Amino acid sequence: MENKQFEELLESVRDMGRHMRGERVAEARVQEFPEPDVKAIRERTGLSQTRFAYLIGVKPKTLQNWEQHRVRPAGPARALLRIVEANPGALAALHT
């Protein structure tokens with residue numbers, strides 16, 4: 001790890017300590033990622049809901065809830081959806 005990266009990490013830890021003690025922290029750094037359009041991602045692969053759900057490792061009902069915006073994908077599922085969005089052919093290759 002480079003010195004600059006170490007210093008940034010150390011400052012983040014210090015900010016966290018200040019925040020936990022209720023002290024004011026300079027400026028929060030927030031990284032926001034857009035909500036994935038699950039239905040559009042699936043449709044670009046050309047797969048049915050059942051097959052797409054199977055290939056990404058979720059139940060079809062979960063996929064339906066994502067597509068209808070009743071539940072938001074999180075964690076690894078969200079990361080996988082971003083990968084499939086960038087390269088729909090990668091998931092479609094598993095379909096054959």
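Helices, as the word is used on this tour, are DSSP runs of at least four residues, numbered from the N terminus, and Arg-42 is found in one of them, helix 2. The model in the viewer is a predicted one.

**First stop: Arg-42**

Select Arg-42 and show its side chain. With a relative accessibility of 10%, Arg-42 counts as buried, because that value falls under the 20% cut-off. Now display what surrounds Arg-42: setting aside the neighbours within four places in sequence, Arg-42 is in contact with Leu-47, Ser-48, Gln-49, Phe-52, Leu-63 and Glu-67. Zoom in on Leu-47, whose backbone oxygen lies 3.0 Å from a polar atom of the Arg-42 side chain. For a view on a wider scale, add Lys-4, which is 38 residues from Arg-42 in sequence and 41 Å from it in space, taken from C-alpha to C-alpha.

**Second stop: Glu-67**

From Arg-42, step across to Glu-67, which has its place in helix 4. Is Glu-67 buried or exposed? Its relative accessibility is 10%, and Glu-67 therefore counts as buried. Not counting residues up to four places away in sequence, Glu-67 touches Val-38, Lys-39, Arg-42 and Gln-49. With Gln-49 the side chain of Glu-67 makes a polar contact, at 2.7 Å.

**Third stop: Gln-49**

Follow that polar contact to its other end, Gln-49, which sits in helix 3. At 23% relative accessibility, Gln-49 counts as partly exposed. Besides the contact with Glu-67, the side chain of Gln-49 makes a polar contact of 3.3 Å with the side chain of Gln-64. Once residues up to four places away in sequence are left out, the residues that Gln-49 touches are Arg-42, Leu-63, Gln-64 and Glu-67. Gln-5 can be added as a distant reference point, for it is 44 residues from Gln-49 in sequence and 43 Å away in space, C-alpha to C-alpha.

**Fourth stop: helix 3 against helix 4**

Next, select residues 49–56, which form helix 3, together with helix 4, and look at how the pair is arranged: they pack at an angle of about 105 degrees, with their axes 8 Å apart. That angle makes helix 3 roughly perpendicular to helix 4. On the helix 3 side, the contact is made by Gln-49, Thr-50, Phe-52, Ala-53 and Ile-56, and on the helix 4 side by Pro-60, Leu-63, Gln-64, Trp-66 and Glu-67. If you colour these contact residues by character, they divide into six nonpolar, three polar and one charged.

**Fifth stop: the loop after helix 4**

Move on from helix 4 (60–67) into the loop that lies between it and helix 5, and select His-69 there. Although His-69 is not a glycine, it has a positive phi of about 60 degrees. Its relative accessibility is 60%, so His-69 counts as exposed.

**Last stop: helix 2 against helix 5**

Finally, select helix 2 (residues 38–45) and helix 5 (residues 75–86), which pack at an angle of about 45 degrees with their axes 9 Å apart. The two helices are therefore oblique to each other, and helix 2 passes helix 5 in a left-handed crossing. Which residues of the two helices meet here? From helix 2 they are Val-38, Ile-41, Arg-44 and Thr-45, and from helix 5 they are Leu-81, Val-84 and Glu-85. Coloured in the manner used before, the residues of this contact divide into four nonpolar, one polar and two charged.

Conventions:
Residues numbered from 1 in each chain as written. Predicted model: local features only at pLDDT ≥ 70, side-chain atom pairs only at ≥ 80, totals over all residues. Heavy atoms only, no water. Axes fitted to C-alpha atoms, helices over the stretch in contact; angles between N-to-C directions. Parallel < 35°, antiparallel > 145°, perpendicular 65-115°, else oblique. Left-handed = near helix turned anticlockwise from the far one by under 90°. Contact = heavy atoms within 4.5 Å. Nonpolar A, V, L, I, M, F, W, Y, C, P; charged D, E, K, R; others polar. Buried < 20%, exposed > 50% of the residue type's maximum accessible area, 1.4 Å probe, protein only. Polar contact = N/O pair within 3.5 Å; in protein donor to acceptor, adjacent residues only side chain to side chain.
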